[in-house]
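This briefing follows one strand of a sheet and its neighbours, for a reader who has the sequence and the model at hand. Please keep the structure in view while going through the points below.

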Amino acid sequence: ILFSQDNIKFSKTIILEDLQKHLNILASDSLEGRETGKNGQKMAANYIMNHFKKIGIPPYKKNTYYQKFKAKSDRHICKYNCENCDEDFIKKLFRKKRVVKGENVLGYIEGKDLKDELIMITAHYDHLGKHDTLLFNGADDNGSGTAAVMEIAEAFMIAKKEGKGPRRSVLIMPVSGEEKGLLGSKHYTENPIYPLENTVANLNIDMIGRIDYYHDTSNYIYLIGSDMLSKELHNISEKINKKHIGLNLDYTFNSEEDPNRYYYRSDHYNFAKNNIPVIFYFNGLHDDYHKTTD
């Protein structure tokens, strides 16, 4: 993607100050936790769309950047700690589903000689929202990943304007509905804007802003799924990291049998189900996960 020696310089346009700027807005109280279907999520979608406009990405059709969806939520949202509370069996059995309406935001950057092939970069921009007086801002989950993909989009556009754009087309797609059951990515894979058979990889970023329980340095990233469907993708990732980046690539959770089930718990999984090679980038859990303190 930005991997050749000539183009690695464009990754250096991704700077801490810009990431922080986006994160401060996405995780601000005014967006009320970005719950899918609520006003804060719509405001976040609008912010991302305006960023795409500003950096020069055109709307993908009929003057819109949005792929709208309507779906039944199959995940209960607990107002205290929804992932770790998952309720006794009887409550789970009788809980009601509700319809939510969300938007995926599409930033399509056309490639050059391999433009018919597509790489998708995703991050969910929704979070848990506001429940009674409790506000779940979701800075790490997943304001961090959303800010990252916004800056990645800008780096691609800077490269493209200098005649160094990607060979393959790239779709930067912040999705909503993840906290409701991976709804946005599910909708896309069931209603693809660009053919799934031409989609060569999905790179998904979810929670990269914190250090977890098992590390004392930020110079690491968990990679999940990189070798499950494509050894080629895994080998490219290893090669580029070794040559240009130097992160500790931690494969602790890179297993379909991992008891945490991280492979199944973020938006890359809907692409993997369609036999599209994926990498899930993740920094792990911490004490503020799905709490008001994130």
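**A strand and its sheet**

Strand β9, which covers residues 220–224, pairs with β11 in the antiparallel sense, and this pairing runs over three bridges. The model is a predicted one, and the points below describe the surroundings of β11 in it.

**Pairing partners of β11**
- Within the antiparallel pairing, isoleucine 224 stands opposite phenylalanine 280 of β11.
- Strand β8, residues 199–205, also pairs with β11, but in the parallel sense and over four bridges.
- Phenylalanine 280 in β11 is also the bridge partner of asparagine 204.

**Burial of β11**
- Strand β11 spans residues 278–282 and is mostly covered, since four of its five residues are buried.

**The sheet as a whole**
- The strands belong to an open sheet of seven strands with mixed pairing, in the order β3-β7-β4-β8-β11-β9-β10.
- At the edges stand β3 (107–109) and β10 (248–250), each of which has a single partner strand, so one side of each is left without a neighbour in the sheet.
- From one strand to the next, the twist averages 20 degrees.

Key
Residues are numbered from 1 along each chain as its sequence is written. This is a predicted model: local features need pLDDT of at least 70, side-chain atom pairs count only at pLDDT 80 or more; totals for chains, interfaces and linings use all residues. Side-chain values use heavy atoms; hydrogens and water are left out. Buried means under 20% relative accessible area, exposed over 50%, partly exposed in between (1.4 Å probe, protein chains only). Helices (H or I, at least four residues) and strands (E, at least two) are DSSP runs, numbered from the N terminus. Two strands pair if DSSP finds at least two bridges between them. Axes are lines fitted to C-alpha atoms, for helices over the stretch in contact, and angles run from 0 to 180 degrees between N-to-C directions.
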